[in-house]
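Here is a protein to explore together, from its pockets to a few odd spots in its backbone. Take a look at the sequence and the structure first.

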Amino acid sequence: MTLNEIGRQAKEVSRLLGILGSREKNMGLEEAARSLLEGEEEILLSNQEDCEKAKNSGMSQGLLDRLMLTPARVQAMADGLLQVAALEDPVGEVLSVKLRPNGLQIGQKRVPLGVIGMIYEARPNVTADAFGLCFKSGNAVILKGGSDAIRSNQAIVRCLREGLVHAGLPADAVQLVEDTNRDTTRELMRLNQYVDVLIPRGGAGLIRAVVENSTVPVIETGTGNCHIYVDESADFNMALDIIYNAKTQRIGVCNACESLVVHRAIAERFLPLLKRKLKDKQVEIRADEAACAIEPSFTPAAEEDWGTEYLDYILSLKLVDSLDEAIAHINHYNTGHSEAIVTSDYFNAQRFLNEVDAAAVYVNASTRFTDGEEFGFGAEIGISTQKLHARGPMGLKELTTTKYIIYGDGQIR
């Protein structure tokens, strides 16, 4: 099937999805979740083939972690669909109605975007998450995953489509572009006739390519050079636990901590503790000259380390003399994703919240919480690091737009 045919089918089915009731959509999600669990064996076998091929081609540990599926992760995908089904449906919500002096009643109503295109890399869980959120918000979705996960994605989409059919709903609500050629990806970026918005998820290179080459409107889901600033007043045990979690719980995710900023006044006491805390995970710390003087086992950092998303057991470390310097460093090198401060000083916490420019800013908590499920959205289609039209984890409401509805009784102008 050609991409134009896929686009045309998506546009046609989007009109039906836009008027489906919540009960029908929830039934479709429940059947899709059931179908995923019934197809677990097929999904895992397909994923095993993808993982073996990726290992042989030298894929990094962080990307392999994103690619790999387990029974628990398949269960999590199914649970995610059920969680989305349980969420309030945003479609049809009337935001406001105001009476004009001429008697017109003018309001806004929440409606689906239409057809959403997803371009993503080796993340097969995105396949189910994207379908669930797009379907519940009344959108058709065209999925373009990377070649590394093609077998996994094919198996997952087969299950999702079977679930929809079993619920008496159109299977073309979700379609997978199975041609992994880059020319096809570029063609999807220019499918304005059918695609209303494009959402890329993946590494910096993929996102930059979509933003620079797409003629379809793009919601940029950025990379995550996430920082944790350990303030002069920080509780050391809390700081160490937060850093350990944010850096090592999963290294291949965009909300993992990649950069650490520490107040110089506590460095001599804190850095040896940090070294010991991260030793069991063999985290390489690439530090500035002053930090290396305190802990000679640290690796001297280069300029590019301050802005790198490692997706590995590597952490950059910068010492600063003040909160002002910490905020300036973070705002210069961050990617607008998630930033955290560990502090006991209320005023420093408030300044950090107010002055750090990012989609999510934390006080005394791990950056790993920047996640649609953790935020109560059921799942997410991505974490937007831009400022229009959505920012942060994108749930159901972020996949809708509004239209004006006007009631009159014969008014003419």
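What follows is a walk through the pockets, the cores, some buried polar residues and some backbone oddities.

First, some ground rules. This is a predicted model, where local features need pLDDT of at least 70, side-chain atom pairs count only at pLDDT 80 or more, and totals for chains, interfaces and linings use all residues. Residues are numbered from 1 along each chain as its sequence is written, and side-chain values use heavy atoms, leaving out hydrogens and water.

**The pockets**

A quick word on terms. On a 1 Å grid over the protein atoms alone, a pocket is an open set of points where a 1.4 Å probe fits, with protein on both sides within 12 Å along at least five of seven lines; lining residues have an atom within 4 Å of a point. Grid points are joined across faces, edges and corners, and the volume is the space filled by probe spheres set on the points. Helices (H or I, at least four residues) and strands (E, at least two) are DSSP runs, numbered from the N terminus.

The largest pocket holds about 840 Å³ of space. Its lining has 30 residues, and N125, D129, R250, D371 and E373 lie nearest the centre. Which helix gives the most to this lining? That's helix 5, with seven residues. Helix 5 (71-86) and helix 6 (124-136) each supply at least two. By class, the lining splits into nine nonpolar, nine polar and 12 charged residues. Here Ala, Val, Leu, Ile, Met, Phe, Trp, Tyr, Cys and Pro count as nonpolar, Asp, Glu, Lys and Arg as charged, and the others, Gly among them, as polar.

The second largest pocket has about 460 Å³ of space. It's lined by 18 residues, with E121, T180, R182, T185 and L206 closest to its centre. Strand 3 (115-120), helix 8 (182-189) and helix 9 (204-213) each chip in with at least two residues. This lining has seven nonpolar, six polar and five charged residues.

**The nonpolar cores**

In soluble globular proteins, nonpolar side chains tend to be buried together. A nonpolar core is a set of buried Ala, Val, Leu, Ile, Met, Phe, Trp, Tyr and Cys residues joined through side-chain atoms within 4.5 Å. Buried means under 20% relative accessible area, exposed means over 50%, and partly exposed is in between (1.4 Å probe, protein chains only).

The largest core has 66 residues, and those with the most contacts inside it are L36, M118, F131, F135, L143 and I381. Zoom in on F131: leaving out residues up to four places away in sequence, F131 touches L29, A32, L81, V141, L160, L164 and V174, where contact means heavy atoms within 4.5 Å. A second, separate core has 31 residues, including L274, V283, A287 and V342.

**Buried polar residues**

Some polar or charged residues are tucked inside too. D305 sits in the loop between strand 10 (299-300) and strand 11 (314-320), and D305 counts as buried because its relative accessibility is 5%. T343, in the loop between strand 12 (338-342) and helix 14 (346-355), is buried as well, at 5%. N139 lies in the loop between helix 6 and strand 4 (140-144), and its relative accessible area is 0%, so N139 is buried.

What do their side chains reach? The table lists polar contacts: pairs of N or O atoms within 3.5 Å, where, within protein, one must be able to donate a hydrogen and the other to accept it, and residues adjacent in sequence count only if both atoms are side-chain atoms.

| Side chain of | Partner | Distance |
|---|---|---|
| D305 | R286 side chain | 3.1 Å |
| D305 | Y310 side chain | 2.7 Å |
| T343 | D231 side chain | 2.7 Å |
| T343 | S233 side chain | 3.0 Å |
| N139 | L113 backbone nitrogen | 2.8 Å |
| N139 | G114 backbone nitrogen | 2.6 Å |

**Backbone oddities**

Most residues other than glycine have a negative phi, and most peptide bonds are trans. Q282 isn't a glycine, yet its phi is positive, at about 55 degrees. With 69% relative accessibility, Q282 counts as exposed. N364 also has a positive phi of about 55 degrees without being a glycine, and at 28% N364 counts as partly exposed. Finally, a cis peptide bond joins L388 and H389, with omega about -10 degrees. H389 is in the loop between strand 14 (383-384) and strand 15 (392-393).
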